[in-house]
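Notebook open, aromatic rings on the list today. I want to see what sits against them and which of them pair up.

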Amino acid sequence: MTIANFKIKVAAYANRDPSSFVVSGFDILLDAINDAHRECQQRVNFARAFKGGFIQTNAFGVALSGAVTNPAGSGTAIAFKNVVSAWSYVTYGTSYAKFKQYDFINEVDLKNILPMDDEYPNGWPIVQAPTTVEQQTLKRRVYVQTGTNKIFLTGVQDLTWIWLDGYQMMPDYDAVTVTTDFILDNYHSWLLWATLQKINGYLKEDQRVVISQRALEQAWDVVMQDDMGQRELYTNNNALN
């Protein structure tokens with residue numbers, strides 16, 4: 001299902017035309033859909049949103065928003081909601097394979113990780129990366145500073161590619177580039193009820209749509225059951241952390 005078709009479906013349930021939700025160029029219906037879309041991702045790390053990606057970083061850190069789908073730098077950007085593991089990797093032609101896992105943590109305060117003393121007043125000492133992938137992994141630590149959403153690789157001054165596994169945040173829908181995703185494809189029943197609930201906040205009392213709270217809760221239960229099944233499938237295949 002595309003976002004265009006879904007807008008028609010929601011509007012039909014409200015006995016309205018999708019165009020009636022556009023006010024001064026602002027699409028209230030699309031905004032309500034995206035509100036519900038973001039909310040469910042904030043509530044759950046969906047198994048279907050689990051993804052591997054790559055980023056260049058070092059001991060000084062880079063923005064996590066720089067993650068891409070391949071280390072050639074020409075891949076599609078990945079909006080990681082959170083990262084669960086980091087790896088060194090090896091290259092086989094145009095394919096990549098995990099090699100060794102880095103010690104990885106999410107941290108708010110760098111003082112909890114980095115040694116602050118007279119010898120290293122700025123934190124972890126910079127040591128040029130060894131030449132082999134295995135040596136690069138030893139005594140290295142990858143961490144995400146959650147306050148700034150930056151990712152660091154300790155002890156390395158040069159920007160170094162690493163492999164990340166984590167959960168991505170699916171982008172908002174629009175009418176051109178983002179027209180569908182696994183939420184709209186698989187969970188559109190829940191998204192319908194959640195959107196109607198959101199859109200009622202925009203409407204006058206006599207225009208609001210009566211929705212069933214029980215139907216919304218039951219649809220969410222189906223979402224959770226499906227995600228549990230996907231998680232078991234991925235875990236059994238050693239794909240999901």
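Started with charges over rings. I find the charged end of R43 over the ring of W220, 4.0 Å from the ring centre. Worth keeping in mind that I am reading this off a predicted model. Looked for another case and got R16: its charged end sits over the ring of F21, with 4.5 Å to the centre.

Next, ring against ring. How many aromatic pairs does the structure hold? I get ten.

Pulled up F50 and Y167. Their ring centres are 5.3 Å apart and the planes meet at 70°, which is over 60, so I put the pair down as edge-to-face. Then I checked where the two residues sit. F50 belongs to strand 3 (residues 50-57) and Y167 to strand 10 (residues 160-168), so this contact ties together parts that are 117 residues apart in sequence. Buried or exposed, F50 and Y167? Both are buried.

Moved on to F54 and W163. Here I have 5.1 Å between ring centres and 65° between planes, so this pair is edge-to-face. It links distant parts of the chain, with F54 in strand 3 and W163 in strand 10, 109 residues apart. I checked burial here too: F54 is buried, and W163 is buried as well.

Last thing I looked up was whether F54 and W163 belong to a wider group. They do: ring pairs join F54, Y89, Y96 and W163 into a cluster.

Note to self on the strands: F50 and Y167 sit in strands 3 and 10, and F54 and W163 sit in strands 3 and 10.

Note on methods. Residues are numbered from 1 along each chain as its sequence is written. This is a predicted model: local features need pLDDT of at least 70, side-chain atom pairs count only at pLDDT 80 or more; totals for chains, interfaces and linings use all residues. Side-chain values use heavy atoms; hydrogens and water are left out. Rings of Phe, Tyr and Trp (its six-membered ring) pair if their centres lie within 6.5 Å; planes under 30 degrees apart count as stacked, over 60 as edge-to-face and the rest as tilted. Helices (H or I, at least four residues) and strands (E, at least two) are DSSP runs, numbered from the N terminus. Buried means under 20% relative accessible area, exposed over 50%, partly exposed in between (1.4 Å probe, protein chains only). A charge sits over a ring if NZ of Lys or CZ of Arg is within 6 Å of the ring centre and within 35 degrees of the ring normal.
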